[in-house]
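Colleague: I'm new to this one and would like a close look at a single part rather than a quick tour. Could you pick the part where strands pair up, and then show me what sits elsewhere in the chain?

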Amino acid sequence: MAVNLVNVENVSKVYGTRALLDGVSLGVSEGDRIGVVGRNGDGKTTLIRMLAKLEESDTGRVTHSGGLRLGVLTQHDSLDPEATVRHEVIRDMADHEWAGNAKIRDVLTGLFGGLDLPGFPQGLDTVIGPLSGGERRRIALAKLLIEDQDLVVLDEPTNHLDVEGIAWLAQHLRERRSALVCVTHDRWFLDQVCTQMWDVQKGDVYEYEGGYTDYVFARAERERIAATEETKRQNLVRKELAWLRRGAPARTSKPRFRVEAANELIADVPPPRDTSELMKFASSRLGRTVFDLEDVTVQAGPKVLLKHITWHLGPGDRVGLVGVNGAGKTSLLRALADAARSDGETQPVAGKVVVGKTVKLAYLSQEVAELKPTLRVLEAVQQVRERVDLGKGREMTAGQLCETFGFNKEKQWTPVGDLSGGERRRLQLLRLLMDEPNVLFLDEPTNDLDIETLTQLEDVLDGWPGSMIVISHDRFFVERTTDKVYALLGDATLRMLPRGIDEYLERRHRMEEVAAAAVPVVEKAAPAVSAADQRAAKKELQKIERQLDKVSEKEAKLHAQIADNATDFAKVAELDAKLRDLGGEREELEMRWLELAEDA
């Protein structure tokens with residue numbers, strides 16, 4: 001029988017006149033993996049802080065088992081700004097001690113990309129004070145994970161991690177023996193890690209068995225039986241349930257109630273979006289040309305991020321852009337945005353960007369635009385437009401769209417200066433959509449948004465007719481809102497990945513294996529390479545680079561042909577087979593390039 005680790009008995013917490021938690025009783029036992037979800041401000045963080053005894057409850061009590069080893073990641077770290085990473089994370093252990101510890105090696109590689117902490121100016125000896133909030137958060141997470149605990153409590157652990165880091169963390173937590181309580185808005189992560197869910201709503205906490213997908217099933221069933229929630233909310237839950245059942249049925253391996261009941265719930269729910277209809281509508285709004293890149297090179301200062309990129313973004317294309325940090329995702333969007341704003345006058349350092357004459361771009365950057373702090377939320381939206389056409393005959397007023405994005409009638413009269421970071425992010429996105437763009441660039445749109453707001457945003461984007469590029473570390477959001485995934489793998493190229501993010505992670509894993517395999521070779525006393533051999537190696541390297549450029553051009557043409565023949569499935573299958581052959585050819589060339597690079 002599992003040992004009980006924490007008991008929460010009849011706990012209540014009131015802030016001002018609002019009861020965040022009202023008579024809540026819960027327990028955490030050995031082996032539990034609990035995900036905590038709910039709207040921002042409903043008490044998720046308060047609940048786990050009381051669970052960890054970092055905050056007192058007004059009534060009730062929280063008890064820990066004797067000798068409980070507890071690890072907590074809060075939203076604000078307690079790292080010493082004058083200490084080094086080495087001191088905080090590995091406690092000044094000798095190099096041979098920590099390097100011989102498999103867990104420490106795994107954590108440092110998983111969270112920082114290598115034992116030498118690439119990206120940190122002095123590696124492990126970097127002083128913490130000047131580092132960014134995201135870098136400090138990864139250090140705090142690493143410090144926690146190398147210790148042994150009975151219970152780990154994490155508040156938004158995936159913030160500031162890329163797709164690879166999130167995948168690593170999910171695997172690491174699955175393999176840990178400790179129990180887990182985790183607040184996160186990352187739905188893919190919840191499905192991978194959790195076997196129970198706590199849904200914090202209006203002072204109560206509802207418990208569900210299973211991961212996120214099972215929770216959506218069970219919540220839809222509970223709301224159907226209770227029939228007390230507003231129609232809009234029910235429809236959103238049913239729509240998400242329909243997508244989960246139709247689009248990825250393997251996500252739930254252990255449904256906790258009859259699957260037949262779930263299927264009945266979604267029998268009359270249409271697919272999230274009619275892609276061919278939206279493509280048709282997008283073409284009428286945009287014409288044939290949106291963005292055409294011809295042999296483009298993108299730089300950030302002196303650093304070349306992308307070179308010889310030939311790519312076509314067509315009307316109605318919905319693209320997810322993933323890649324390693326620093327590979328050039330944001331720089332690519334900025335280069336396209338600069339060309340659009342200047343009507344093609346501003347061009348990258350090499351190559352050409354052709355912008356369609358009818359393109360009306362909205363760009364949600366990672367920086368939140370400043371608005372007059374005394375302006376009310378509704379006024380800030382009405383400044384842009386009173387009503388918005390969302391396509392397919394759907395029209396919304398500024399007030400209705402505000403409600404869709406979580407600003408109820410009372411909140412619509414809140415001054416902008418009083419909004420939280422997440423609320424300002426929502427307002428920024430809302431104002432962009434009110435301007436009726438036909439091309440959307442979204443750079444990390446899910447930052448600071450809770451799950452309910454994310455599903456509402458996805459619902460708006462489902463029927464939005466236009467071209468869209470999304471950069472996000474939220475894998476669920478990328479898979480839900482886009483139809484194609486392109487990757488920047490850090491080698492200055494842009495590749496389409498037919499199998500999406502799974503293929504991206506596989507490719508990155510293979511690249512890391514190749515790099516790791518090359519390390520012992522460098523360390524061995526290799527025989528000296530003659531000048532003639534060096535010249536031959538350089539010559540062959542140049543030849544391979546030209547071949548790789550040609551492969552990239554062929555891939556770009558095939559991508560364009562696939563887009564042009566999107567409704568001809570036989571043709572798409574034939575083109576996709578050619579694309580796979582080219583992928584194999586590229587990998588062989590890249591392997592040979594790596595072999596030659598050392599000699600050259």
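**Sheets, helices and two cysteines**

Modeller: Let's set the scene first: of the 600 residues in the protein chain, 51% count as buried. Keep in mind that this is a predicted model, so everything I describe is read off a prediction. The chain's secondary structure comes to 20 helices and 20 strands. Take the contacts between residues at least 6 apart in sequence: 70% of them join residues at least 24 apart.

Now for the strands. Strands of a sheet pair through backbone hydrogen bonds, either parallel or antiparallel. One open sheet here has six strands, and if you walk across it the order is 5-6-7-3-8-9, with mixed pairing. Its edges are strand 5 (70-73) and strand 9, each of which pairs on one side only. From neighbour to neighbour the strands of this sheet are turned by 15° on average, if you ignore direction.

Let's zoom in on the strand 9 end of that sheet. Strand 8 covers residues 196-201 and strand 9 covers residues 204-209, and the two pair in the antiparallel sense over six bridges. You can trace that pairing residue by residue: Q196 has E209 in strand 9 as its bridge partner, while Q201 stands opposite D204 of strand 9. Strand 8 and strand 9 form a hairpin, with two residues between them. Look for K202 in that turn, where phi is positive, at about 50°.

What about cysteines? A disulfide is a covalent bond between the sulfur atoms of two cysteines. Using a cut-off of 2.5 Å between the sulfur atoms, the model has zero disulfides. C182 is in no disulfide, and the nearest cysteine sulfur to its own belongs to C194, 5.7 Å away. C182 has a relative accessibility of 1%, so it counts as buried. C194 is in no disulfide either, its nearest cysteine sulfur being that of C182, at 5.7 Å. With a relative accessible area of 5%, C194 is buried too.

A little further along the chain you meet F217, which is found in helix 8 (residues 212-226). F217 has a relative accessibility of 2%, so it is buried as well. From F217 to E240 you cover 23 residues in sequence, yet their C-alpha atoms are 9.3 Å apart in space.

There is another sheet to compare with, this one open and made of three strands in the order 11-10-13, with antiparallel pairing. Strand 11 (303-313) and strand 13 (350-355) are the edge strands here, each pairing on one side only. The twist from one strand to the next averages 30°. Five bridges join strand 10 (residues 291-300) to strand 13, and the two run antiparallel. One of the partnerships is that of F291 with V355 in strand 13. Helix 12 (residues 329-341) packs on this sheet, touching strand 10, strand 11 and strand 13. The direction of helix 12 makes about 120° with that of strand 10.

Finally, the helices that pack against helix 4. Two packed helices are described by the angle between their axes and the distance between the axes. Helix 4 (residues 102-112) and helix 5 (residues 133-145) have axes that come within 10 Å and cross at roughly 160°. Angles over 145 degrees count as roughly antiparallel, so helix 4 and helix 5 are roughly antiparallel. Their crossing is right-handed. On the helix 4 side, K103, V107, L111 and F112 make the contact; on the helix 5 side, R138, I139, L141, A142 and L145 do.

Helix 4 also packs with helix 6 (residues 163-175), at an angle of about 150° and with the axes 8 Å apart. Helix 4 and helix 6 are therefore roughly antiparallel as well. Here helix 4 makes the contact through D106, V107, G110 and L111, and helix 6 through G165, W168 and H172. If you want somewhere to start on screen, find V107 and L111: they appear in the contact of helix 4 with helix 5 and again in the contact with helix 6.

How values were computed
Residues are numbered from 1 along each chain as its sequence is written. This is a predicted model: local features need pLDDT of at least 70, side-chain atom pairs count only at pLDDT 80 or more; totals for chains, interfaces and linings use all residues. Side-chain values use heavy atoms; hydrogens and water are left out. Two strands pair if DSSP finds at least two bridges between them. Helices (H or I, at least four residues) and strands (E, at least two) are DSSP runs, numbered from the N terminus. Axes are lines fitted to C-alpha atoms, for helices over the stretch in contact, and angles run from 0 to 180 degrees between N-to-C directions. Contact means heavy atoms within 4.5 Å. Buried means under 20% relative accessible area, exposed over 50%, partly exposed in between (1.4 Å probe, protein chains only). Angles under 35 degrees count as roughly parallel, over 145 as roughly antiparallel, 65 to 115 as roughly perpendicular and the rest as oblique. A crossing is left-handed if the near helix is turned anticlockwise from the far one by less than a right angle, and right-handed if clockwise.
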